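These notebook entries record what I looked up in one structure, entry by entry. The sequence and the coordinates come before the notes.

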Amino acid sequence: MLKRTKGEKIFAVFNTLFLTGMLIATLYPCLYVLFASISDPVELYSGSKILLCPRGFNLTNYAHVLKNSMLWIGYRNTIFYTVAGTLLNVSLTIVAAYCLSRRGLPGKNFILMAIVFTMYFSGGMIPTYLVVKNLHLLDKFAALILPGAINTSNFIIMLSFFRGLPGELEEAAKIDGANNYLILIQVMIPLSKACIAVIALYYAVEHWNSYMPGLLYINNMRKYPLQLVLREILLEGSAQQNGVVSIDDADAVAETIKYATMVVSTVPMLCVYPFIQRYFVKGVMIGAIKG
Amino acid sequence: MKKIGSELSGTVQTAMPKSKLKLLREYHEIYIMLIPVVLYYILFKYMPMVGNVIAFQDYSITRGIFESEFVGLKHFSTFLKDVYFWRLLRNTLMLNLWSLVLEFPSAIIMALLLNEVRCLAFKKTVQTVTYMPHFISSVIIAGMVLDFVSNDGLINSVINRFGLETVPFITDPKYFRGIYTISGIWQSVGWNSIIYISALSAIDAGLYEAAAIDGASRWRQTFHITLPGLLPTIAIMLIMRIGSMMTTGYEKIILLYNPTTYETADVISTYVYRQGIRGAQYSYSAAIGVFNSVINFILLVFANWFSKRTNGSGLF
């Protein structure tokens, strides 16, 4: 490596400073929510809202949140949607990708074209809503699982992975007398565990964080996914509150409950995030190269 | 044993043309497995596309798609005369333009800056932390944003600290685009930089060495090696971004806006949502959706044409 010039050194210093700034700008809002959630509600609202550490210490916010039955219903529903949805997503995506990665399958190109076409053209919100409605799926658990059963970009990631596997393995299995089902289950799936893990994570995170299908298709509050429950707690009436100048104690508690709710609902995701991050990055790379 | 024989003959014969029956026998399991997949795409992707005919009808739930009366372009002309038409079009384009001008380059700059970092541990830390907001749901992000910019929130506390008046960020339409774009950058800059970082790592290191030997400064290397190396990726990402211009972001807008900020925040997709789902005006909102898709398609084709003309690479 050549010696760095003075200009490069100055740049390096500024670059490090700037990126450290980015680091703080990303972390601070999250820490702020955490600090506010364990602060004392009344103290928090008596002074300015600039927090560098928790103000007072009070866990009653969390006690209130944990007593909120809606939140638990949302949690339960979302766990169900995520598990059932991801299982369906992954199995359908694997099947689709396996079938359409077979060499020489008559009609393959037509089906592939028809699938890729849907990435650029979609029916739109209202006609899709009407299809769901006419299938009598409104307010059913299936409404949050079936309409998004295959994500076409995940399908393409899986497809390109299958295409990259050596064809000899499959030929050998065929000679041993395996039919296509057996080849898929005993040869292809064990070989593609890493890729399956990536798309499973993609689907799971999508289910966990999605709120739009719930907003469109679910009216029954007992079937609300977590994100819709959160929307009710965090956002409803936020505009009205803005006219309020002074906040009494009850309101202060209500406000800090919001912070505790944010923490409670995001912690599971942030706990697994460090472990799944590199799989995600891998997925972006595969998608980028093939896409 | 018999089965193995037939499979074997199937593989031996590959050089010769096969009869339809033979092909069907060889692939019948594949076709059986494809049934649910094809069914899914027909039901949830192609049926809605066909369902757009209701944009040209006075659709009623009871009469269905086949019995409803055709009214031609009535709903389209109603939309063009809608009092909110220009506001919706302007907001849709402006919000996307803001994010195109500010959010889109921010990821490229982020990748370029990260690329210059020598300390690997620092680089990894910055990456891990800035990817994180991508995993937080939009509902939580909207909740945080609205809390920070509220009248007694963090931002206004800072403003007050400097002795300035409280700014009504949430209710004043003036600030919506800024709030939307800045929170968008916060949420996506790290994640969107991944693709550029991987493109950067694919640039041949020999080019830099050669340039350094020729006495090119880092600046010149950035301009003559790094940026040209990134250009194809940037072009593709830009086309894809423009191609989704009319539909992106409305999920976040629904969470962030409120009637007082419709003036700058209401976009075509959110209007479709309110008219169609809340107001049950299916035909009218489907027509608006079709209008939106047409504009989107024109933008996509235009972006692709422009990219092909200027740097030779396009999406199709």
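**Domains**

For chain A, I find domain 1 (1–67 + 237–274) and domain 2 (75–231) in the domain assignment; such bounds come from an automatic or database domain assignment. I note that the model is predicted, that local features need pLDDT of at least 70, that side-chain atom pairs count only at pLDDT 80 or more, and that totals for chains, interfaces and linings use all residues. Residues are numbered from 1 along each chain as its sequence is written, while chains are lettered from A and ligands numbered from 1 in the order in which they are written.

The centres of domain 1 of chain A and domain 2 of chain A, taken over C-alpha atoms, are separated by 36 Å. I looked up chain B as well: its division is into domain 1 (2–51) and domain 2 (79–311). Between the C-alpha centres of domain 1 of chain B and domain 2 of chain B I record 43 Å.

**Contact between the chains**

I next asked how many residues each chain gives to the contact. Chain A contributes 70 residues and chain B contributes 78 residues, where two residues are in contact if their C-beta atoms, placed from the backbone, lie within 7 Å. On the side of chain A that touches chain B, I list 46 nonpolar, 17 polar and 7 charged residues. Here Ala, Val, Leu, Ile, Met, Phe, Trp, Tyr, Cys and Pro count as nonpolar, Asp, Glu, Lys and Arg as charged, and the others, Gly among them, as polar.

**Helix α6(A)**

Is α6(A) largely enclosed or largely open? I find 8 of its 10 residues buried, so α6(A) is largely enclosed by the rest of the structure. The cut-offs are 20 or more other C-beta atoms within 10 Å of a residue's own for buried, 12 or fewer for exposed, and partly exposed in between, with C-beta atoms placed from the backbone. Helices (H or I, at least four residues) and strands (E, at least two) are DSSP runs, numbered from the N terminus.

The buried residues are Met125(A), Ile126(A), Pro127(A), Thr128(A), Tyr129(A), Leu130(A), Val131(A) and Val132(A). I note that the buried residues of α6(A) pack against α11 (212–217) of chain A together with α2 (20–51), α14 and α15 (282–311) of chain B.

I then looked up the pairing with helix α14 (residues 268–278) of chain B: α6(A) packs against it at an angle of about 30°, with the axes 10 Å apart. Axes are lines fitted to C-alpha atoms, for helices over the stretch in contact, and angles run from 0 to 180 degrees between N-to-C directions. The two helices, α6(A) and α14(B), are therefore roughly parallel, the term for angles under 35 degrees. In this pairing, Met125(A), Ile126(A) and Tyr129(A) meet Val272(B), Tyr273(B), Gly276(B) and Ile277(B). By class, I record 6 nonpolar, 1 polar and no charged residues in the contact of α6(A) with α14(B).

**The loop after α6(A)**

His136(A) lies in the loop between α6 (125–134) and α7 (152–164) of chain A. Although His136(A) is not a glycine, I find a positive phi of about 60° there. His136(A) is exposed, with 10 other C-beta atoms within 10 Å.

Asp139(A) is also placed in the loop between α6 and α7 of chain A. Its phi is near 65°, a positive value in a residue other than glycine. I count Asp139(A) as exposed, with 12 C-beta neighbours inside 10 Å.

Key. Parallel < 35°, antiparallel > 145°, perpendicular 65-115°, else oblique.
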